[in-house]
Amino acid sequence: MAPFRILSFDIECAGRKGHFPEPTHDPVIQVANLVTLQGDDQPFVRNVMTLKSCSPIVGVDVMSFDTEKEVLLAWRRAEVLGIAEFPILGRIRNSRVRIKDTTFSSRQYGMRESKEVTIEGRVQFDLLQAMQRDYKLSSYSLNSVSAHFLNEQKEDVHHSIISDLQNGNSETRRRLAVYCLKDAYLPQRLLDKLMFIYNYVEMARVTGVPISFLLSRGQSIKVLSQLLRKAKQKSLVIPNAKHAGSEQGTYEGATVLDARAGFYEKPIATLDFASLYPSIMMAYNLCYCTLITPEDAKKLNLPPECLNKTPSGDTFVKSNLQKGILPEILEELLTARKRAKADLKVAKLFLLFLGIFLVLVLRLVAMSCIILHNLVQLYNEAKDPFEKAVLDGRQLALKISANSVYGFTGATIGQLPCLEISSSVTSYGRQMIEHTKKLVEDKFTVLGGYEHNAEVIYGDTDSVMVQFGVSSVEAAMNLGREAADHISGTFIKPIKLEFEKVYYPYLLISKKRYAGLYWTNPDKFDKMDTKGIETVRRDNCLLVKNLVTECLNKLLIDRDIPGAVQYVKSTISDLLMNRMDLSLLVITKGLTKTGDDYEVKAAHVELAERMRKRDAATAPNVGDRVPYVIIKAAKGAKAYEKSEDPIFVLENNIPIDPHYYLENQISKPLLRIFEPILKNASRELLQGSHTRSISISTPSNSGIMKFAKKQATCIGCKALISNSDHTLCSHCKGREAELYCKSVANGGRFLFSVADLEQLFGRLWTQCQECQGSLHQDVLCTRLDITVSDDSKKCYILFSRDCPIFYRRKKAQKDMAEARVQLDRWSF
DNA sequence: AGCTCCCGATCTCAAGCTATATTGC
DNA sequence: CTGCACGAATCAAGCAATATAGCTTGAGATCGGGAGCT
């Protein structure tokens, strides 16, 4: 098979939002830019008419970020321009591209609306969808994704100036082309870096579905496909189960042992079942084809030693009578996962012979060139920690696939639900974790000849956390291994309890929430591991995330409690004095359903609705994440009345509400962390001189004035003043001379000097220029009129919402403009 | 006429419940 | 033969748990107005 050739496809057209400007003399670049990148060739821009000459193309052909929307836009645009050949993108002569709306909704991925594009003969691989499925991020724009994975950003060109660039001279058109090129190039780099093709080809081969299914369908199709494949081999027929519409309801899931919350300064050993649910299904031969009713068993006169009664009361035959299909499928998935884990080991150990060995093994398993190619590459670059993360994601995907075999049997609205299997699996699981807990606590006692009594402090589904009482990591590891071996012996193969790691120290907050240092060898900890707390959640603002992470670092790694307290205090003080970057205060939440379906008012939902009224084109849609900040408003206003678009806040100089952030965002998470460690945490952290800030009075409270409004502020103390002709509030009158000096010279505590701000802006500006890749041109992604006052250049209002620097530059700009105005307001 | 008392209306606040978002396994 | 309207069919891994904010409810506090008394 010929190697894949990957064609990156990107389309840029002016008037994205459905307004189509008049066709220009050269419609090509406005319609589409196709960028092909093959090996070491120089990337080049082709116009759409020459696409057909790119053939012969094999394999994955069309790949982009948000392919569907882009094709649709270009398609409409081509229609307006009367380019009849455009929709012929497939490899079948005269077959036209067809586009239709689809919605996909699942519990795992939420509801998403998208466009389905049929391009015959080409496999589409939409990076946006792949990203949304494989990685949990706060924003999925190409810009922010590239920043996250590639440390590189694209030059964002707002659609409103595309026409200008196109109608300008050859230089401006070149810039437009460069921009388009980058848009096509970035997805390719992401594709390579995250090894999407490699991973998806593997997943498609293991589960037996087309690559497109992996992006457009859910988990269950993979399981069904494997079932069908196996059933065919065995000449079995899968019934076309008519789900009778009956709400069979839900069944009992796994046990989560009660958490003994607290801060543990002794090592905690963790014992895990390896792939618990799959191994239960394998051990007890649970399958559709082994389930039997007791009556049938009697009728067929089956001997009881061939039957297995599960704790939930269902009966399955043993494998000597009939081996189940599901266990076989699981074996294959777990083998694939083992392979993936071995690759991870290569990355870890960087061993030459193992690499070669794997290449040889894999050559037998998968003859595909791409896999070989990637493996060689994998071997060469395996030391990169990023690579490790990608490989880890791959084995995780296989783990999830294995687990969804169990999920498939429990999906009551799926193709083939079988609650007998799924509830048997969970009942075995519940039994096993209780058994493990009991065994550990019974065996490791002072009476049993050990130094201390072991205590199980927590456990979730397939793991138990044990405090053996010893104080060295090494001793805990030895006891952990001993316990794992001992307990594994009491279970049927292939169920296996493994000793995995030691946490030391360990901060257990509640069920499913903990943090600790993760040790796999006794000399040095591997990393800090946090589960469920704010550091890993996406629904907090960055401020909370950073603050909590930093505190945990100080508390767990440095063991520096005063340092952590000091850090919290200074952060709170910064927040209350309004010295916080807006980008740190942006909260994002996913929009899971359409506006009407929400029963209660939530901040992000209401904001999305308001934004839709303002400008329907840029407002978030279902499935998008909505960023917002909380602004100052009347006392007692609900959070949903105080949420606002961060861009809107910056542009209109709306004050944010620091007290909201203090009370509703950072206080509780901090207390949860500090409480087990520090007595009187609340008093220490949240009260004291650092919480006294310069008070800024809120606008009048009467109903109509509920929303904050732009008002002049006193230069001295930033209090709002009613008469915008005045410079100072009545309090600060008499300090004019002093304040003016501060204002002009070095910035005072609450003021920044014009010189400072200009310097800051300059620095950020340079960074943005670097991100666009050239220092010799204006940055397109900014507002030129503010900085270059004597220049009559056209003012491009452009922004990139996801650039972390953007908010800071925007604020620096704003502050600088204000500082100038304030300087002018001194009328001596 | 002015003051007091009573009763209903309104406000406030806490407790409990529910919806929503997100994660762990 | 094509385009359009309409209806039918298809599709969606699982449960446990925490945190937050909105909503409801009920108790108590407060307020205001009218009746009655001095």
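# Helix packing and DNA contacts

Colleague: Which residues of α9 meet Ser401, Ser404, Val405 and Phe408 in α15?

Modeller: Ser220, Lys222, Val223, Leu224 and Leu227 in α9 meet those four residues of α15. By class, that contact has five nonpolar, three polar and one charged residues. Bear in mind that this is a predicted model.

Colleague: At what angle do α9 and α15 pack?

Modeller: About 85°, with the axes 9 Å apart. Here α9 covers residues 220–233. That angle makes α9 roughly perpendicular to α15.

Colleague: And α15 with α16? How do their axes cross?

Modeller: They come within 7 Å and cross at roughly 130°. That makes α15 oblique to α16. Helix α16 is residues 419–443.

Colleague: Left-handed or right-handed, the crossing of α15 and α16?

Modeller: The crossing is left-handed.

Colleague: Which residues in α15 and α16 meet?

Modeller: From α15, Tyr406, Thr409 and Gly410. From α16, Leu419, Ile421, Ser422, Val425 and Thr426. By class, the contact splits into four nonpolar and four polar residues, with no charged ones.

Colleague: OK, DNA now. How many residues surround DNA strand C, and which are the closest?

Modeller: 36 residues surround DNA strand C. The closest are Arg107, Thr250, Gly253, Ile413 and Lys601. Sugar and phosphate make up 80% of the strand C atoms that come within 4 Å of the protein.

Colleague: Which elements each supply at least two residues of the surface near DNA strand C?

Modeller: β5 (98–106), α15 (385–410), α21 (639–642) and α23 (658–674). So α15 turns up again, at the surface near DNA strand C.

Colleague: How do the residues near DNA strand C divide: nonpolar, polar, charged?

Modeller: Eleven are nonpolar, 15 are polar and ten are charged.

Colleague: Where do the side chains of Thr250, Gln415 and Arg217 sit relative to a phosphate oxygen of strand C?

Modeller: For Thr250, a polar side-chain atom is 2.6 Å from a phosphate oxygen of DNA strand C. For Gln415, an N or O atom of the side chain is 3.0 Å from one. For Arg217, a polar side-chain atom lies at 3.3 Å.

Colleague: What about DNA strand B? Which residues come nearest?

Modeller: There are 20 residues around DNA strand B. Asp462, Tyr514, Gly532, Thr592 and Tyr598 come nearest. Of the strand B atoms within 4 Å of the protein, sugar and phosphate account for 87%.

Colleague: How many residues of the surface near DNA strand B are charged?

Modeller: Twelve. Another five are polar and three are nonpolar.

Colleague: What does Arg537 reach on strand B with a polar side-chain atom?

Modeller: A sugar or linking oxygen, at 3.1 Å. Lys531 has a polar side-chain atom 3.3 Å from a phosphate oxygen of DNA strand B. Gly590 has a polar backbone atom 3.2 Å from a phosphate oxygen of that strand.

Colleague: Back to α23. At what angle does its axis cross that of α18?

Modeller: Roughly 20°, and the axes come within 10 Å. Helix α18 is residues 542–557. The two helices are therefore roughly parallel to each other. Their crossing is right-handed.

Colleague: Which residues in α18 and α23 meet?

Modeller: In α18, Leu543, Val544, Leu547, Val548, Cys551, Leu552 and Leu555. In α23, Gln665, Ile666, Pro669, Leu670, Ile673 and Phe674. Twelve residues of this contact are nonpolar, one is polar and none is charged.

Colleague: Last topic, backbone. Is the peptide bond from Lys493 to Pro494 cis or trans?

Modeller: It is cis, with omega near -5°. Pro494 is in the loop between α17 (473–488) and β16 (497–510). The Tyr504 to Pro505 bond is cis too, with omega near -5°. Pro505 is in strand β16.

Colleague: And the phi of Asn285, positive or negative?

Modeller: Positive, about 55°, although Asn285 is not a glycine. Asn285 lies in the loop between α10 (276–283) and β11 (291–292).

Colleague: Why flag these spots?

Modeller: Because most residues other than glycine have a negative phi, and most peptide bonds are trans.

Definitions and conventions:
Residues are numbered from 1 along each chain as its sequence is written. Chains are lettered from A and ligands numbered from 1 in the order in which they are written. This is a predicted model: local features need pLDDT of at least 70, side-chain atom pairs count only at pLDDT 80 or more; totals for chains, interfaces and linings use all residues. Side-chain values use heavy atoms; hydrogens and water are left out. A residue is near a molecule or strand if one of its heavy atoms lies within 4 Å of it. A polar contact is a pair of N or O atoms within 3.5 Å; within protein, one must be able to donate a hydrogen and the other to accept it, and residues adjacent in sequence count only if both atoms are side-chain atoms. Ala, Val, Leu, Ile, Met, Phe, Trp, Tyr, Cys and Pro count as nonpolar, Asp, Glu, Lys and Arg as charged, and the others, Gly among them, as polar. Axes are lines fitted to C-alpha atoms, for helices over the stretch in contact, and angles run from 0 to 180 degrees between N-to-C directions. Angles under 35 degrees count as roughly parallel, over 145 as roughly antiparallel, 65 to 115 as roughly perpendicular and the rest as oblique. A crossing is left-handed if the near helix is turned anticlockwise from the far one by less than a right angle, and right-handed if clockwise. Contact means heavy atoms within 4.5 Å.
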